[in-house]
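I am opening a fresh page for what I looked up in this structure. The entries follow the order in which I checked things.

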Amino acid sequence: MLLISVDGMHQQDMVNCLANNTCPNLAALAKTGVNYTGATTPGLSDSFPGLAALLTGGSPKTAGLFYDVSYDRTLYAPTDTTCTGAQGWNVVFDETTGIDAWNGGSLIHMDGGGAFNPDAIPHQKVNGVCQPVYPHNYIKTNTVFEVIKASLPGARTAWADKHAWGYDWVNGPSGKGVDDLARTEINSIDAATGKDYTDVYTHTETFDNLHVQAIINQIDGKDSTGVTASVPTLFGTNFQTLSVAQKATNASGGGYTDAKFTPGVQVAAAISYVDTAIGKMVAELKAQNLYSSTMIVITAKHGQSPSDHSLLVKNGDTLMALLEANNYLDSSGNFGQNATTSGNLNDGTGLAGTGMVQDDDVGLIWLRDQSQLSAVLATLNANNGCTGTGICANNAQAYILSGTQLAAKFGDPAQGRTPDIIVQPNPGVIYTSSTKKDAEHGGNAPDDSHVALLVSFPTLTAATNTNAVGTTQVAPTMLKALGVAPTLLNAVQVEGTVVLPGLGF
């Protein structure tokens, strides 16, 4: 079973490249595959919930992953090894999770320094005992890797992703689900250029090529580094090149040229690169006589928004600024991306600064004082326009989610981890002032959530399935195809996730 996430690949990207003959290797897979044109992500489309859907069969409500940088009111500081201090911590499982980032260090190693950054590992009480919370401790449900290893004697598993240590959660709560977890960090500094691998899509190709080679090594009966091993039962990777090309400014050829997802120069080149790379994997499967016994799933953790550049509104950090201005968040204790310091600071008002905002093209809000929910909602609704301090959430497709509706979909904020408020702004809005990117993901805008999904196997008959399906259905489908009961996944039991239709089982 080979699972490939092409981060950012909308279903429309798949449709267009197949129609225009610009992805011949994907087209070849589609000739013996089912193309699901109605596939969507589960409510949030950041990389963590997007990948968790594929690997657990569950939404953020069950898996407990909302973003790579999030918040949990029940956790204690990394330095609080007795769990006796204030609770509430900004959970940061991104590029700074590697030890290179310890004490603000530079990200100089591709493997993140070879260990966890102590500053990034909070603590929790488990049966009265204070314990560290590594990423694999943080996910709330098991993964397909764990189920396969427990169910199929001799099974081997492998995965390669963009953060060397932040993606440790794919191991599942056991911490042992993946035999060969490639430790590659996309935000590490390339000594040849002095920049990380996200500065331009052609540089990202260099990073993605490491994963292509890892897959080829594994097909050849080696591990990701080239050491002799057995071929994995379930293995896979993700591509970042397309995502970087989509985010690049429209003026530089990034993104799309119209509302029909006509790719700009960078996106067209990125799709061609990914297609060629997938072709190399397929060729190696054939060379090793494994193609006839390997199911291949091509999908995406998330899309990218907006595809229609005319809709783009860069709204800055208005959510954070508005809440800080009204004293609902403590500016000294409110940390965003790349933060590994405490949210438990005090700004002199007497209220602990345990709030946090995480925003891209969605806003996740954890309040420092949950009793202020009604007041905060009133402030947000009074400033929902797109001018001045407005948060640009006044379109018919926008919403400000809280209370029982939020709890039903994402879990009860009172339990500690779920945001108190989720703001989905107008389509096209991204909460940034950056001049380097014109698109983002993370929310539930149509461009975020409507992703490609192709399941290919040599004995399948080419078909297009227009049913509304979810990427959460990939996990139970992979298990079913391998002869393992999908209900062994906790999230499948809790959410009643079913296998994908049209595959003959």
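Below are my entries on charged pairs, aromatic rings, the cavity and a few backbone angles, all taken from a predicted model.

**Entry 1: salt bridges**

I began with the charged side chains, and the search of the structure gave eight salt bridges. The pair I looked up first was Arg 417 with Asp 72, where the closest N and O atoms are 3.2 Å apart. I then placed the two partners: Arg 417 is in the loop between α12 (403-410) and β17 (421-424), while Asp 72 belongs to strand β3 (residues 69-72), so this salt bridge ties together parts that are 345 residues apart in sequence. I also asked whether the partners are buried or exposed. Arg 417 has 10% relative accessibility and therefore counts as buried, the cut-off being under 20%, and Asp 72 is buried too, at a relative accessible area of 4%.

Next I turned to Arg 73 and Asp 420, whose side chains meet in a salt bridge at 2.8 Å from N to O. Which parts of the chain does this pair tie together? Arg 73 lies in the loop between β3 and β4 (89-92) and Asp 420 in the loop between α12 and β17, so the parts joined here are 347 residues apart in sequence. I noted that Arg 73 and Asp 420 are both buried.

I then checked Asp 161 and Lys 301, which also form a salt bridge, with 2.8 Å from N to O. This pair links distant parts of the chain, since Asp 161 sits in the loop between β7 (157-160) and β8 (180-182) and Lys 301 in the loop between β10 (296-299) and β11 (313-314), 140 residues apart. For burial I wrote down a relative accessible area of 1% for Asp 161, which is buried, and of 0% for Lys 301, likewise buried. Asp 161 and Lys 301 also belong to a network of salt bridges that takes in Asp 7.

**Entry 2: aromatic rings**

For the rings, I searched the whole structure and found 12 aromatic pairs. In one of them, Phe 93 with Tyr 138, the ring centres are 5.7 Å apart and the planes stand at 75°, which is over the 60 degrees needed, so I recorded the pair as edge-to-face. Phe 93 is in the loop between β4 and β5 (123-126) and Tyr 138 is in helix α5 (residues 135-138), so the pair ties together parts that are 45 residues apart in sequence. Phe 93 counts as buried at 2% relative accessibility, and Tyr 138 counts as buried at 2% as well.

I also looked up Phe 239 and Tyr 273, an edge-to-face pair with 6.1 Å from centre to centre and 80° between the planes. Phe 239 comes from strand β9 (residues 234-239) and Tyr 273 from helix α9 (residues 265-287), and the pair links distant parts of the chain, 34 residues apart. Both of these residues, Phe 239 and Tyr 273, are buried. Separately, I noted one aromatic cluster formed by Phe 48, Tyr 167 and Trp 169.

**Entry 3: charges over rings**

I went back to Arg 417, the partner of Asp 72, and found that its charged end sits over the ring of Tyr 138, 3.5 Å from the ring centre. A further case is Arg 183, whose charged end sits over the ring of Trp 165 at 3.8 Å from its centre.

**Entry 4: the cavity and Pro 306**

How many cavities of 30 Å³ or more does the whole structure hold? My search found one, and the volume of the largest cavity is about 80 Å³. Its lining is made up of 13 residues, and those closest to the centre are Gln 246, Gly 255, Pro 306, Asp 438 and Ala 439. By class, I listed four nonpolar, eight polar and one charged residues in this lining.

Pro 306 came up again when I checked the peptide bonds: a cis bond joins Ser 305 to Pro 306, with omega at about -5°. Pro 306 is in the loop between β10 and β11, the loop that also holds Lys 301.

**Entry 5: positive phi angles**

Most residues other than glycine have a negative phi. Against that, I noted Cys 83, with a positive phi near 55°, in the loop between β3 and β4. Asn 103 likewise has a positive phi near 55°, and is found in the loop between β4 and β5. Cys 83 is buried, with a relative accessible area of 2%, whereas Asn 103, at 64% relative accessibility, counts as exposed.

Terms used
Residues numbered from 1 in each chain as written. Predicted model: local features only at pLDDT ≥ 70, side-chain atom pairs only at ≥ 80, totals over all residues. Heavy atoms only, no water. Salt bridge = Lys/Arg side-chain N within 4 Å of Asp/Glu carboxyl O. Helix = DSSP H or I, 4+ residues; strand = E, 2+ residues; numbered from the N terminus. Buried < 20%, exposed > 50% of the residue type's maximum accessible area, 1.4 Å probe, protein only. Phe/Tyr/Trp six-rings, centres within 6.5 Å; stacked < 30°, edge-to-face > 60°. Lys NZ or Arg CZ within 6 Å of the ring centre and 35° of its normal. 1 Å grid on protein atoms, 1.4 Å probe; cavity = no way out; pocket = protein on both sides within 12 Å on 5 of 7 lines; lining within 4 Å. Points joined across faces, edges and corners; volume = space filled by probe spheres on them. Nonpolar A, V, L, I, M, F, W, Y, C, P; charged D, E, K, R; others polar.
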